[in-house]
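Here are some worked exercises for a single protein chain. Try each task with the structure open before you read its solution.

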Amino acid sequence: MKQKITIKTIAKELGVSTSTVSKALKDSHEISTGTKEKIQAYANYYNYKPNNLALQLRNQKTKVIGVILPKIVHHFFSTVISGIEEGANKKGYNIMVCFSNESYKKEVETLKVLSNGSVDGLIVSIANETLKNKDFKHFVDLVTEEIPLVLFDRVVDEILCDKVVVDDVGAGYKATRHLLKNGRKKIALITTPNHVNVGALRRQGYEKALIESYIKTDKNLIVEIDENQDIKKQIEKVFEEDIDGVFAVNEIYAANSMRIAKEKGFSIPEEMSIIGFTDGLISEYSSPSITTIAQHGFTMGQQAVAVLIERIENESEVYSPKKIVISSDLKLRESTKPSS
């Protein structure tokens with residue numbers, strides 16, 4: 001008895017994409033005659049039959065959008081969800097929110113479940129572990145299968161889909177420039193590991209501002225946080241250096257920096273200036289309150305869902321991936337002095 005095969009099986013055996021197999025079996029003019037005949041002959045030999053239930057699920061609109069986030073705790077992601085939900089509801093869609101918990105395996109499993117016909121499209125911020133592994137096959141397969149996908153915040157060039165991002169380089173530059181205008185010369189950077197692209201881009205902005213002020217980047221003043229370890233202890237190490245300012249790439253790191261500075265007897269903002277990232281309640285209600293870069297997560301969510309629904313509802317149009325870049329703003333509070 002010949003084995004039961006799928007489009008993925010044919011694609012793997014013949015070294016082509018699943019999209020090519022699908023189009024060849026539909027006798028599409030987009031596929032060359034030779035490739036088409038080879039695929040059709042293979043499918044006939046193995047008695048390939050399309051999974052009609054899967055096709056029906058895929059073609060039937062659910063009016064549900066899947067959202068996969070790395071974490072539940074960040075204020076930024078909660079504002080993005082609010083923006084997505086408002087934009088979706090206005091267009092008659094509901095959202096289904098899932099969390100990868102920064103796990104590659106959980107992200108792969110969740111994508112598999114949601115893409116089987118449960119949702120019409122997906123909005124995703126990539127898990128830390130996926131970025132570290134540099135394994136994006138599950139997303140590439142999704143795009144190949146022509147399932148609408150929008151990445152936001154954490155994105156990679158390898159995945160050809162719509163993307164919505166903050167101007168992270170510009171944000172890192174604005175934050176560091178403000179600290180320099182405060183008279184700070186020894187500015188610590190509390191950031192993510194370099195494989196998390198948002199942290200890497202904010203670091204570029206930080207270094208650009210230092211170069212413009214003729215200050216050499218000091219690697220001893222840069223801490224890449226491993227969130228599986230004690231965050232406060234990792235930040236404490238940089239306070240052993242002679243620093244007078246801190247730029248933290250999220251508000252958790254900023255709040256920890258504030259606590260350590262106060263424990264060490266620094267007067268804020270007179271002796272030490274601190275800037276965080278993401279304008280959440282932690283930053284607003286810290287004492288003193290923390291100057292932050294506002295990411296406009298709500299706007300990011302609105303933009304992400306708008307471009308996704310446009311893709312869902314205009315499937316017949318020629319697809320050209322979009323990249324939407326949202327500017328950030330500096331929100332001044334008590335942890336920094338007004339720029340002179």
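The exercises below go from the whole chain down to single residues, and keep in mind that this is a predicted model.

**Exercise 1. Get your bearings: how many helices and strands are in the chain, and what box do its C-alpha atoms fill?**

Solution.
- Step 1: go through the secondary structure, and you get 14 helices and twelve strands.
- Step 2: line the chain up on its principal axes; the C-alpha atoms then fill a box of roughly 75 × 40 × 35 Å.
- Step 3: check burial. Of the 340 residues in the chain, 49% are buried.
- Step 4: look at contacts between residues at least 6 apart in sequence. Here 73% join residues at least 24 apart.

**Exercise 2. Find the largest nonpolar core and say which helix or strand gives the most to it.**

Solution.
- Step 1: the largest nonpolar core has 37 residues, and the ones with the most contacts inside it are Ile190, Phe239, Phe247 and Ile274.
- Step 2: now see where its residues come from. Helices α9, α10, α11 and α12 and strands β6, β7, β8 and β9 each supply at least two.
- Step 3: pick the top contributor, which is α12 with five residues.
- Step 4: zoom in on Phe239. Skipping neighbours within four places in sequence, Phe239 is in contact with Val246, Ser257, Ile260, Ala261, Lys264, Phe266 and Met272.
- Step 5: don't stop there, as another core lies apart from the largest one. This other core has 23 residues, among them Cys98, Leu122, Leu149 and Ile159.

**Exercise 3. Describe the second largest pocket: what is its volume, and which residues are closest to its centre?**

Solution.
- Step 1: the volume comes out at about 540 Å³.
- Step 2: 26 residues line this pocket, and the closest to its centre are Glu102, Asn128, Arg154, Val196 and Glu227.
- Step 3: sort the lining by class, and you find eight nonpolar, nine polar and nine charged residues.
- Step 4: map the lining onto helices. α5 (75-90), α7 (128-133) and α10 each supply at least two residues, and α7 gives the most, with three.

**Exercise 4. Classify the ring pairs Tyr45–Tyr46 and Phe76–Phe77.**

Solution.
- Step 1: start from the total, which is six aromatic pairs in the structure.
- Step 2: take Tyr45 and Tyr46. Their ring centres are 5.0 Å apart and their planes sit at 85°, over the 60° cut-off, so the pair is edge-to-face.
- Step 3: compare burial. Tyr45 has a relative accessible area of 53%, so Tyr45 is exposed, while Tyr46 is at 22% and counts as partly exposed.
- Step 4: do the same for Phe76 and Phe77. With 5.2 Å centre to centre and 50° between the planes, this pair is tilted. Both Phe76 and Phe77 are buried.
- Step 5: look for a cluster. Tyr42, Tyr45 and Tyr46 form one.

**Exercise 5. Check the backbone: where are cis peptide bonds and positive phi values found?**

Solution.
- Step 1: recall the background. Most residues other than glycine have a negative phi, and most peptide bonds are trans.
- Step 2: look at omega. The bond from Ile268 to Pro269 is cis, with omega near 10°, and Pro269 is in the loop between α12 and β9.
- Step 3: another cis bond joins Ser287 and Pro288, with omega about -5°. Pro288 is in the loop between α13 (281-285) and β10 (291-294).
- Step 4: turn to phi. Glu102 isn't a glycine, yet its phi is positive, about 65°. Glu102 lies in the loop between β2 (94-99) and α6 (104-114), and at 15% relative accessibility Glu102 counts as buried.
- Step 5: Glu146 also has a positive phi, near 60°, and lies in the loop between α8 and β4 (149-152).

**Exercise 6. Place His138 and Gly183: is each one buried, exposed or partly exposed?**

Solution.
- Step 1: His138 is in helix α8 (residues 137-144). Its relative accessible area is 11%, under the 20% cut-off, so His138 is buried.
- Step 2: list its contacts. Leaving out residues up to four places away in sequence, His138 touches Tyr104, Glu107, Val108, Leu111 and Thr130.
- Step 3: Gly183 is in the loop between α9 and β6. With a relative accessible area of 41%, Gly183 is partly exposed.
- Step 4: find Lys337, 154 residues from Gly183 along the chain. Their C-alpha atoms are separated by 9.4 Å.

Note on methods. Residues are numbered from 1 along each chain as its sequence is written. This is a predicted model: local features need pLDDT of at least 70, side-chain atom pairs count only at pLDDT 80 or more; totals for chains, interfaces and linings use all residues. Side-chain values use heavy atoms; hydrogens and water are left out. A nonpolar core is a set of buried Ala, Val, Leu, Ile, Met, Phe, Trp, Tyr and Cys residues joined through side-chain atoms within 4.5 Å. Buried means under 20% relative accessible area, exposed over 50%, partly exposed in between (1.4 Å probe, protein chains only). Helices (H or I, at least four residues) and strands (E, at least two) are DSSP runs, numbered from the N terminus. Contact means heavy atoms within 4.5 Å. On a 1 Å grid over the protein atoms alone, a cavity is a set of points where a 1.4 Å probe fits but cannot get out, and a pocket is an open set with protein on both sides within 12 Å along at least five of seven lines; lining residues have an atom within 4 Å of a point. Grid points are joined across faces, edges and corners, and a volume is the space filled by probe spheres set on the points. Ala, Val, Leu, Ile, Met, Phe, Trp, Tyr, Cys and Pro count as nonpolar, Asp, Glu, Lys and Arg as charged, and the others, Gly among them, as polar. Rings of Phe, Tyr and Trp (its six-membered ring) pair if their centres lie within 6.5 Å; planes under 30 degrees apart count as stacked, over 60 as edge-to-face and the rest as tilted.
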